[in-house]
Each structure stands twice: as structure tokens, then as C-alpha cells.
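Visitor: I'd like a quick tour of this fold, with some reasoning behind each value. Can we go through it together?

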Amino acid sequence: MRTRKMRIAVLALQGAFIEHEQMLKRLGTDVFEVRQLADWHQPKDGLIIPGGESTTMNKLLHELELYVPIRQAITDGLPVFGTCAGLILLAESIVSSFHPSLATMHIEVVRNAYGRQLGSFHAEAPFSFSARASSPATRPPEPVPMTFIRAPYIKKVYGDAVSLAEVDGRIVAARQGNQLVTAFHPELNDDTRVHEYFLDMVRHSKSSAAALQQAV
């Protein structure tokens, strides 16, 4: 029996979704865009929420009736990767008057945290890949290129969330179960390791679900 290729949904309401699609295709993954509720009902193994304008994206999620099914899928265990605005939408707590949106991840976030002078900047910092689902052995953090554009940062992680990377003492990447977030835009660099890390999470989620189904 032929195994279906991994298929990732990319929220394409607004923002830098095309770059994520290009990165995933480079890695041999099937991709489709979610622009309306009918798109969401297609088979999928994971979801990417790209950078963009978090307030606009939140508004569109509700107007297009995508908010409830997407949030339910994430809480049910669908792997999700949020970058920049995607990180903000997934955060349970936000340091501002901005009301949390999907609020599925145990992180507290500061929006537009770097101000005008550092509105966009590039850095390189260690990223912890030791939490790879299919490779439990400890793996030293590896430096990865990071592009920040009017980026948030994570003030703190709590509950099951863990920090994966920091820049100047500020958390810029975190994971909680099947949820991954970065304040930076890995899709804007040639380095594919962060997307590979997410796809590894997806594979592990699929194999765990298959094993559970066989056991029933």
C-alpha cells in the first residue's frame, strides 16, 4: 500500500505565507493554502501560521469562521508552527491590551518588542534541536540564522512550554507538545533546519496516532 506524502496546511489570509510554502516544497512536502473554511476541511498533517499582522489575521479567522475549527484541531493535537504573528496568535498571554486569540500555548508574549531602530534585524543564535521527537538523544544547540521583522519576543514560558532559543536574553523560540513558535522568520533564510524540526514533529505525531489506532 502506497504511503501518502506528508501534507501541510498554510494559513494564507495575510502575511508571509508564500515563503513557507516554498520552503516546505524544497523539503518534498505537499502544501495547500487555507483561505476559507472549505479549504480547512482538506486532509492535513500539520498547520503553519505565518508572520504578518496579528490583529488582521485574528479578525479574518473569526469572519471566515476558521477560528473555532483551527483552535479545536490544535487542542486536539494537530502539529502547528507559528512564526512572528503566528506566535502571537498562539500565545495564551500577551503583554498589552491585545486580547489573546487562539491562546493554545503556555507562553507570555510582548508584541512589537524591538522598537523602530531594531524593527528589522538579523542575528545568529543557538537553537535547541534536542527535543526532536524521533531523536531523543541529547543534541547540542546549533547556531541558526534568524531574521526578525517588527518581531515579538516571549517574556516567559510556563506549564509544558519550553524555550528553544534566546537572543540577548530574550526567548525567541519555544515548543509545547505539538506546537512550535519562533519570533523570527526561518522561511526568509536558506537554512531549512527549523522547518525540518517541525516536519519531524509532524512525523512523530502521525506515527504515534497510527500506533494508538492499531492498539485500539
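Guide: Sure. One cut-off to start with: a residue counts as buried when its relative accessible area is under 20%, and as exposed when that area is over 50%. Keep in mind that this is a predicted model.

Visitor: Are phenylalanine 127 and phenylalanine 129 buried or exposed?
Guide: These two form an aromatic pair, with 4.7 Å centre to centre and 40° between the planes. By the cut-off of under 20% relative accessible area, both phenylalanine 127 and phenylalanine 129 come out as buried.

Visitor: How is the pair of phenylalanine 81 and phenylalanine 198 classed?
Guide: A pair of aromatic rings is described by the distance of the centres and the angle of the planes. Planes under 30 degrees apart count as stacked, over 60 as edge-to-face and the rest as tilted. Here the centres are 5.6 Å apart and the planes sit at 40°, so the pair is tilted.

Visitor: How many residues apart along the chain are phenylalanine 81 and phenylalanine 198?
Guide: Phenylalanine 81 sits in strand E4 (residues 80-83) and phenylalanine 198 in helix H6. Both are buried. The pair links distant parts of the chain, and the separation is 117 residues.

Visitor: Which residues touch the most other members of the largest nonpolar core?
Guide: In soluble globular proteins, nonpolar side chains tend to be buried together. The largest core here has 66 residues, and its largest share, 6 residues, comes from helix H6 (residues 193-215). The ones touching the most other members are Leu47, Ile107, Phe127 and Phe148.

Visitor: What arc do the buried residues of helix H1 cover around the axis?
Guide: Those buried residues are Phe17, His20, Glu21, Met23 and Leu24, in a helix that runs over residues 17-26. An α-helix has 3.6 residues a turn, so residues three or four places apart point the same way. The buried set lies on the same side of H1 because its arc is only 165°.

Visitor: Which residues are exposed on the other side of H1?
Guide: Just after H1, glycine 28 takes a positive phi of about 75°. As for the exposed residues on the other side of H1, they are Lys25 and Arg26.

Visitor: What is the relative accessible area of arginine 170?
Guide: Arginine 170 belongs to strand E11 (residues 170-176). Its C-alpha atom is separated by 6.9 Å from that of lysine 155, 15 residues apart along the chain. Arginine 170 is partly exposed, and its relative accessible area is 29%.

Key:
Residues numbered from 1 in each chain as written. Predicted model: local features only at pLDDT ≥ 70, side-chain atom pairs only at ≥ 80, totals over all residues. Heavy atoms only, no water. Helix = DSSP H or I, 4+ residues; strand = E, 2+ residues; numbered from the N terminus. Buried < 20%, exposed > 50% of the residue type's maximum accessible area, 1.4 Å probe, protein only. Core = buried A, V, L, I, M, F, W, Y, C linked by side-chain atoms within 4.5 Å. Arc of directions from axis to C-beta. Phe/Tyr/Trp six-rings, centres within 6.5 Å; stacked < 30°, edge-to-face > 60°.
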